[in-house]
Amino acid sequence: MGPWQVARLYALKSVWNATGLRSAGRALVEALGSTDAGVRTVAGMFLVQSGKRAEPLVEEAIHRGQNLSTVLVIAGDIGAVRLEPELLRFTKDADPQVAKAARDGLRILAAQRPPRGV
Amino acid sequence: MAKHRKTSRRGEYRKRVRTTGRPASRAETSKARPPRAPIPGPEAFTGLEDPSHVRSQAATLLLIGTHMRGDVAAMDARAREARGLMRVRSTGAAGGLPANDMRALGFPRMHAGAARFLPATLEKAAGVRFAARPGGAPTPSEARAVSSRLLGVAKAFYRDANPETAGALLEVSLRHPHELVRVAAATSYVEVAADPARAIRILGQGLRSRDRLARDVAAHALAHVDPRNPALEKLLASKTRPSRRKPSRTGMIVHGTWAGASSWWQPPTGDFWKYLHDNVDPNLYGAQDRFEWSGGYSDAARALGGHDLQAWVQQHTLGGLDLFTHSHGGSVAMLANQAGTSIGRLVLLSCPVHWPKYAPDFTRVSKVVSIRVHVDLVILADRGGQRFRDNRIQEHVLPLWFDHFATHFPGTWEQFHVRSML
């Protein structure tokens with residue numbers, strides 16, 4: 001991964017966060033499937049750093065079955081409680097990596113939930 | 001009373017017909033296959049040993065509790081909300097419980113209330129008086145009383161399901177010869193009785209049951225009613241026996257963010273694993289149950305990873321092992337270290353610096369070495385620091401730029417003699 005690739009991802013993140021332009025956000029989701037580990041990692045980081053704003057994109061990716069083994073964990077990282085039923089559904093997926101990602105996502109989600117009574 | 005005796009004989013007759021000729025022992029029942037279909041309505045209360053009868057009774061008694069607590073109303077509201085929010089088709093669930101299952105069990109429409117009854121009142125409602133408080137297995141006289149009264153109180157409940165008839169059914173069921181039914185009755189009894197002590201006693205005994213289902217139901221119920229019960233604490237104590245092997249000097253790789261599925265760190269063929277095993281640490285852990293964490297990019301994900309790593313090390317009795325970590329795998333290792341895991345050498349490869357959130361516990365680690373490249377782009381994106389400033393951590397910056405992953409390339413280790421830096 002070269003500096004220009006990071007710059008591109010950073011530009012996508014900035015445009016998406018500033019304008020809400022969905023195609024810019026989608027490009028980050030697509031980058032999760034890059035063959036370059038650096039690109040994958042930075043794209044995932046930017047999505048998680050965007051927090052709840054990434055939830056619709058993550059939901060869309062889940063529905064499309066796009067980069068599931070990463071987006072299911074991201075759903076947990078950003079605390080997307082609304083996507084819990086989707087994650088539950090994927091815990092029984094035939095692909096063990098996807099099923100594990102869904103279980104991990106659910107676990108992370110549960111760990112971020114405030115204790116009862118708070 | 002005469003009517004009840006008749007009923008009782010009929011019940012006994014049915015019991016004989018439905019069982020295989022001799023009453024099933026508790027242990028046998030626990031191993032029995034789950035019944036294919038529940039026995040609906042008061043009919044369920046005609047047998048005292050047959051697994052289908054026993055489980056149908058237990059389910060009915062537990063449902064009484066869910067109605068009394070208001071769980072059903074809450075589940076119903078949640079189901080309505082979910083239908084509204086998610087626009088999913090109704091599954092025909094009544095009260096949040098599958099309508100078909102409720103129908104199959106013949107559970108009556110129940111009027112819940114906040115009434116609480118004294119045991120004597122419930123015994124009176126059941127038309128029976130017991131000499132002693134309920135405990136473990138019923139005495140012969142209690143068993144006779146249960147046999148003669150159970151169907152009667154069940155019928156009364158199905159005729160008019162209210163807290164009093166439910167309470168009477170539960171009161172009699174507390175002396176049921178089958179432990180699962182006693183435990184189920186005790187679970188719901190706390191919702192109708194003025195004093196839960198007798199139910200807690202039965203639940204406490206249920207924890208020691210040989211029947212796994214009875215044990216599980218008792219544990220769940222007791223956790224709600226009496227969470228500090230000493231019997232529960234015993235159950236919660238870890239049963240994992242620590243290995244008697246001597247702690248061995250070994251090493252392990254901890255991967256970083258999103259890298260769980262990557263091949264480079266996986267034994268026995270991952271290129272970095274193979275390189276370390278062949279050139280640096282022949283004891284590098286390579287069994288199938290090697291440690292792995294979610295690789296999630298959040299504090300919560302790393303905290304879970306740290307917790308799991310600590311548990312893994314304890315379970316394998318590998319305290320003092322060397323850890324070769326990449327990226328936030330180092331953060332996970334430091335969290336495990338802070339939580340009490342002893343580490344030999346902690347090797348941090350391209351680890352983002354988030355001090356003091358992720359810092360080693362220097363009293364529990366022999367040596368910390370950090371190896372990185374110049375201006376790591378992934379660490380920039382992570383907003384982490386590029387260098388540790390604590391002089392107890394040996395920093396080595398390789399003459400490479402930008403590449404976050406170069407620190408786990410075997411070629412890099414060879415070219416820059418990284419082994420000599422450890």
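How many of the 422 residues in chain B are buried? In this predicted model, buried residues make up 43% of chain B. The figure for chain A is 42% of its 118 residues.

Start with the overall make-up of the two chains. Chain A has seven helices and zero strands, so its pattern along the sequence simply reads α-α-α-α-α-α-α. Chain B brings 17 helices and seven strands. As for how far apart in sequence the touching residues sit, take the contacts with a separation of 6 or more: in chain A, 53% of them join residues 24 or more positions apart, and in chain B the share is 64%.

Confidence is worth a look before going further. Chain B has a mean pLDDT of 79, with 77% of its residues at 70 or more. Within chain B, the low point is strand β1 (residues 93-94), at a mean of 32, while helix α15(B) tops the list at 97. Two stretches of chain B call for some care. Over residues 1-34 of chain B, pLDDT stays under 50, and the model has 40 contacts beyond four places in sequence for them. Residues 81-96 of chain B also stay under 50, with 17 such contacts. For the complex, the predictor gives an ipTM of 0.91 and a pTM of 0.55.

Next comes the place where the chains meet. Here 20 residues of chain B are in contact with 23 residues of chain A. On the chain B side, the elements that give two or more residues are α14 (299-315) and α16 (377-382). Sorted by class, that side of chain B holds 12 nonpolar, seven polar and one charged residues.

Now for the nonpolar cores. The largest has 47 residues, and the members that touch the most others are Val153(B), Leu170(B), Val183(B), Ala186(B) and Tyr189(B). Several helices of chain B each supply at least two residues of this core, namely α3 (51-69), α6 (119-126), α7 (140-159), α8 (163-173), α9 (179-189), α10 (197-206) and α11 (212-225). The largest share comes from α7(B), with nine residues. Apart from this core lies another, of 43 residues, and its members come from both chains, among them Met45(A), Leu109(A), Val378(B) and Ile379(B). Back in the 47-residue core, Tyr189(B) is in contact with Leu170(B), Leu174(B) and Ala199(B), once its neighbours within four places in sequence are left aside.

Chain B also has an open sheet of five strands, in the order β3-β4-β5-β6-β7, with parallel pairing. At its edges are β3 (251-254) and β7 (393-401) of chain B, each pairing on one side only. From one strand to the next, the twist averages 15°. Helix α15 (residues 329-338) of chain B, the one with the highest confidence in the chain, lies across β3, β4, β5 (343-349) and β6 (365-374) of chain B and runs at about 145° to β4(B).

The edge strand β3(B) can be followed residue by residue. It pairs with β4 (residues 321-326) of chain B in the parallel sense over four bridges. Ile253(B) has Phe324(B) as its bridge partner in β4(B), and Val254(B) stands opposite Thr325(B) in β4(B). In a regular strand, side chains alternate between the two faces of the sheet. In β3(B), Gly251(B) and Ile253(B) are on one side and Met252(B) and Val254(B) on the other, and all are buried, leaving both faces covered.

That leads to Phe291(B), a residue in the loop between α13 (271-279) and α14 of chain B. Why does Phe291(B) count as buried? The reason is its 22 C-beta neighbours inside 10 Å, because the cut-off for a buried residue is 20 or more. Leaving aside neighbours within four places in sequence, Phe291(B) is in contact with Met252(B), Val254(B), Leu309(B) and Trp312(B). Two of these partners, Met252(B) and Val254(B), are on one side of β3(B). Leu309(B) and Trp312(B) fall within α14 (299-315) of chain B, one of the elements that also give residues to the side touching chain A. Along the chain, Phe291(B) and Gly305(B) are 14 residues apart, and their C-alpha atoms are separated by 9.4 Å.

Notes:
Residues numbered from 1 in each chain as written. Chains lettered and ligands numbered in written order. Predicted model: local features only at pLDDT ≥ 70, side-chain atom pairs only at ≥ 80, totals over all residues. Contact = placed C-beta atoms within 7 Å. Nonpolar A, V, L, I, M, F, W, Y, C, P; charged D, E, K, R; others polar. Pairing = 2+ DSSP bridges. Axes fitted to C-alpha atoms, helices over the stretch in contact; angles between N-to-C directions. Buried ≥ 20, exposed ≤ 12 C-beta atoms within 10 Å, placed from the backbone. Core = buried A, V, L, I, M, F, W, Y, C linked by C-beta atoms within 7 Å. pLDDT = per-residue confidence, 0-100.
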